[in-house]
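Subject: Model for your review

Dear colleague,

I am passing on the structure that we discussed, and I would be glad if you could look through it before reading my notes underneath.

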Amino acid sequence: MKRALIGLLTLGLGLGLAQQAPLKIGVVVSATGPAASLGIPERNTLLILEEQVNRRGGVAGRPVQFIILDDASDTTQAVRATRRLIQEDQVLAIIGTTTTPASLGMIDVVAEAGVPKISLAANLEIVFPVDEKRRWVFKTPQTEQQMSTPIVRDMAAAGVKTAAYIGFNDAYGEGWARAFEAAAREAGIQVVASERFARTDTSVTGQVLRILARNPDAVLIGGSGTAPVLPQRTLRERGYRGLIYQTHGVANPDFLRVGGDLLVGTRLPAGPVLVFDQLPPDFPNRQVATSYVQLYESRFGIGSYSTFGGHAYDAWAILRPALERALRREQTTNLAAFRRVLRDELEATRNVVGTHGIFNMSPTDHLGLRFNEAAVMVEIVKGPTGRLEWKLIRTFR
Amino acid sequence: MDWAIFSFLAADALQNGTIYALLALSLVLVFAVTRVILVPLGEFLVYAPLTYVWFLPPEVSGLNLRGQIPGTAWLAAAMLAGWAFLERKSLRRAGLLALGSLGVLGLAWWGAQGVPLWLGWFLAVLVVLPIGPASYRLFFEPAKNASVLTYLIIAVGLHFAFMGLGLVFFGPEQFRLPAVWSGQTQVGLVPINNQAFLVYGFAFLSALGLYLFFSRSIYGKALRACAVNRYGARLSGISPSQAGYVSFSIATLIACVSGMLLAPLISPAYFQGFLLGLKGFVAGILGGLVSYPLAALGALLVGAMESWAAFQASAYKDAIVFALLLPILFWRSLRSQELGEEE
């Protein structure tokens with residue numbers, strides 16, 4: 001009898017929760033296509049979060065619904081998905097997307113409709129400068145500028161005087177070229193060569209020869225996924241003995257698998273979540289990063305986490321309190337007004353600790369990260385079992 | 001540019017050019033016999049090594065795929081089964097094809113149980129090979145006597161389908177394959193991967209094999225007859241569909257083996273086939289899609305331009321390569337009549 005009563009009560013509660021219209025959040029990620037290795041962990045993270053949030057009673061008593069669409073790493077499809085989310089699904093806010101070009105393409109659409117958006121892509125141009133359109137746009141991943149500073153500091157500490165750059169011939173590679181060359185100039189490091197290659201290239205011998213002819217102390221490879229293995233292998237095969245740096249775009253297990261032993265000694269900047277268990281005990285986001293990794297691994301297996309899912313986790317980490325505050329100020333039925341209030345509350349984000357750093361937004365800064373907490377230097381080493389591992393070598397606090 | 005850099009670039013150009021040449025030869029062969037521009041050839045090239053990854057022991061590939069049958073095996077089996085269905089009027093042929101369909105799955109299952117490296121190598125080629133002739137039977141044969149343009153549209157559609165399937169089968173990332181012959185050999189100033197010598201050797205053997213095939217064997221002569229005039233060939237008792245299967249099989253075999261030999265040098269991924277195929281196609285066009293030696297020369301030219309452009313101005317590499325090719329293509333299209341000619 002008692003049990004039946006409790007059952008009835010929980011059912012009633014559940015119904016009560018279900019009767020409340022869900023808070024609809026639109027999500028666009030690249031779950032297929034070349035950026036899939038970034039987009040899949042982002043999607044997985046949001047799926048776990050949606051389940052966890054609703055199991056614990058939703059946001060302000062209302063269930064949350066993530067409407068997740070795949071853009072296949074393609075700008076046109078990302079824009080189409082954004083339109084659909086805004087017009088048909090009437091979402092309160094949008095999280096996405098994975099890649100920089102597609103995130104830039106979405107800006108016009110969300111600004112026109114007045115929907116706040118949190119991008120998961122790296123480039124600074126997505127949120128800077130904050131103008132009439134970009135006032136609707138926020139993002140969580142570190143910019144190339146924030147990741148260049150640690151590289152240049154590490155190079156300077158290693159006594160590097162000359163460096164070369166080889167990167168993707170797309171927005172990612174160009175963004176890094178600009179950021180790295182500016183940071184290097186400031187630190188008095190001379191950039192003696194700046195080369196490009198395509199993700200799909202099967203040979204980069206020409207570019208590598210040009211770099212070798214200038215004999216730099218260090219080379220930075222600006223790419224993501226597994227494609228940056230090719231320039232590194234060509235450099236080593238052609239006898240380059242200097243330091244090799246990669247970017248945080250390669251912080252995934254596939255990169256280690258494809259590259260193998262020739263990657264030992266490679267250095268890269270990364271979000272602290274990559275080496276969550278090696279962070280010093282007083283590192284401010286150690287705890288959040290650890291609990292995120294445990295949450296992810298409990299579902300997808302040990303060693304399955306990547307830093308990219310962390311960006312999606314951080315997007316929800318800043319969106320959730322903003323939603324709670326906005327719900328106190330405005331009805332969701334008054335959609336346009338609610339979206340405006342939500343935007344203001346996102347801009348008012350203070351001291352939100354995420355997996356990748358501490359977020360402090362302002363009317364001129366829609367990222368709100370400092371590189372001190374958001375970046376650490378990592379080296380690829382051979383672990384005791386012979387497997388390649390990420391080893392923390394430097395923090396900047 | 002000094003002598004050392006020049007010789008390094010030349011070695012790079014030779015390696016890339018040889019692969020383009022192999023693809024160009026296959027494309028010319030298929031086009032001459034069937035009027036099909038086989039765009040998905042590049043996909044066959046990456047399918048074979050990616051299938052091989054599924055047959056590798058975990059400590060070599062870095063993945064635990066033991067016991068999983070690669071998607072390409074299901075594709076090949078399904079296509080052979082479809083072929084068997086189309087041949088249902090002849091019980092013997094349909095039966096053989098159905099048996100082949102099961103055979104492919106059996107080979108893939110065997111490979112997935114863990115086999116020596118060399119055996120897995122051959123199994124991978126055997127598993128992917130039927131996809132070529134089966135595509136001819138399923139997609140091109142029904143459009144008998146269609147125009148070159150119709151064939152091209154079908155081929156482009158197939159390319160997108162196979163590339164999408166490649167993503168489904170193998171995922172978005174690259175793979176590392178063991179070299180058949182590891183290490184480097186010093187040639188003059190340039191250390192050359194031993195694996196690259198295998199590519200050259202295979203290119204030489206294929207060229208020689210094709211030459212002997214066309215000049216000495218009755219099948220080869222029949223193919224040539226088909227290439228010269230399909231109608232006349234049919235009148236003399238040569239079956240154009242038979243010629244189609246043979247040419248598709250040879251082209252697929254060359255693409256698969258090239259892919260297997262190239263893969264340890266490039267870390268293959270599903271998306272890499274297309275650009276290789278495209279450059280092979282451009283090389284073939286330089287030979288007017290009819291001349292084998294010109295296609296091979298064209299391939300080396302494309303490889304050389306690519307290396308040179310990568311060294312001089314890497315940001316504009318592909319733009320430079322294709323821009324330099326434009327005048328040549330223009331000149332060729334003015335001169336050559338046979339390209340768009342129907343029978």
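The notes below go from chain B, through a helix pair and the nonpolar core, to the contact between the chains.

Please keep in mind throughout that this is a predicted model.

Chain B is built with 15 helices and 2 strands, and its C-alpha trace spans about 65 × 55 × 35 Å along the principal axes. Its radius of gyration is 20 Å, which agrees with the value near 20 Å that a compact globule of 343 residues would have. Buried residues make up 47% of the 343 residues in this chain, and of the contacts in chain B with a separation of 6 or more, 74% are between residues 24 or more positions apart.

Within chain B, you may want to look at helix H6 (residues 117–128) and helix H12 (residues 240–266), whose axes come within 10 Å and cross at roughly 145°. The crossing of H6(B) past H12(B) is right-handed. On the H6(B) side the contact is made by B:Trp121, B:Ala124, B:Val125 and B:Val128, and on the H12(B) side by B:Cys256, B:Val257 and B:Met260; by class, this contact has 7 nonpolar residues, with no polar and no charged ones.

B:Val128 appears again in the largest nonpolar core, which has 228 residues, where B:Val128, A:Val219 and B:Ala24 are the residues with the most contacts inside it. Helix H1 (residues 3–34) of chain B provides the largest share of this core, namely 18 residues. As for A:Val219, when residues up to four places away in sequence are not counted, A:Val219 touches A:Ala163, A:Ala164, A:Ile166, A:Ile211, A:Leu235, A:Gly242, A:Ile244 and A:Tyr245.

Turning to the contact between the chains, 28 residues of chain A are in contact with 25 residues of chain B. Among the elements of chain A that each supply at least two residues to this side are helix H2 (36–55), strand E7 (190–197) and helix H7 (205–214), and H7(A) gives the most, with 6 residues. By class, the side of chain A that touches chain B has 10 nonpolar, 13 polar and 5 charged residues.

H7(A) also pairs with helix H14 (residues 292–312) of chain B, their axes coming within 7 Å and crossing at roughly 35°, in a right-handed sense. Here A:Thr205, A:Gly206, A:Gln207, A:Leu209 and A:Arg210 meet B:Ser307, B:Ala310 and B:Phe311, a contact that by class has 3 nonpolar, 4 polar and 1 charged residues.

With best wishes

Notes
Residues are numbered from 1 along each chain as its sequence is written. Chains are lettered from A and ligands numbered from 1 in the order in which they are written. This is a predicted model: local features need pLDDT of at least 70, side-chain atom pairs count only at pLDDT 80 or more; totals for chains, interfaces and linings use all residues. Axes are lines fitted to C-alpha atoms, for helices over the stretch in contact, and angles run from 0 to 180 degrees between N-to-C directions. A crossing is left-handed if the near helix is turned anticlockwise from the far one by less than a right angle, and right-handed if clockwise. Two residues are in contact if their C-beta atoms, placed from the backbone, lie within 7 Å. Ala, Val, Leu, Ile, Met, Phe, Trp, Tyr, Cys and Pro count as nonpolar, Asp, Glu, Lys and Arg as charged, and the others, Gly among them, as polar. A nonpolar core is a set of buried Ala, Val, Leu, Ile, Met, Phe, Trp, Tyr and Cys residues joined through C-beta atoms within 7 Å. A residue is buried if 20 or more other C-beta atoms lie within 10 Å of its own, exposed if 12 or fewer, and partly exposed in between; C-beta atoms are placed from the backbone. The radius of gyration is taken over C-alpha atoms; the globule rule is 2.2 Å times the number of residues to the power 0.38.
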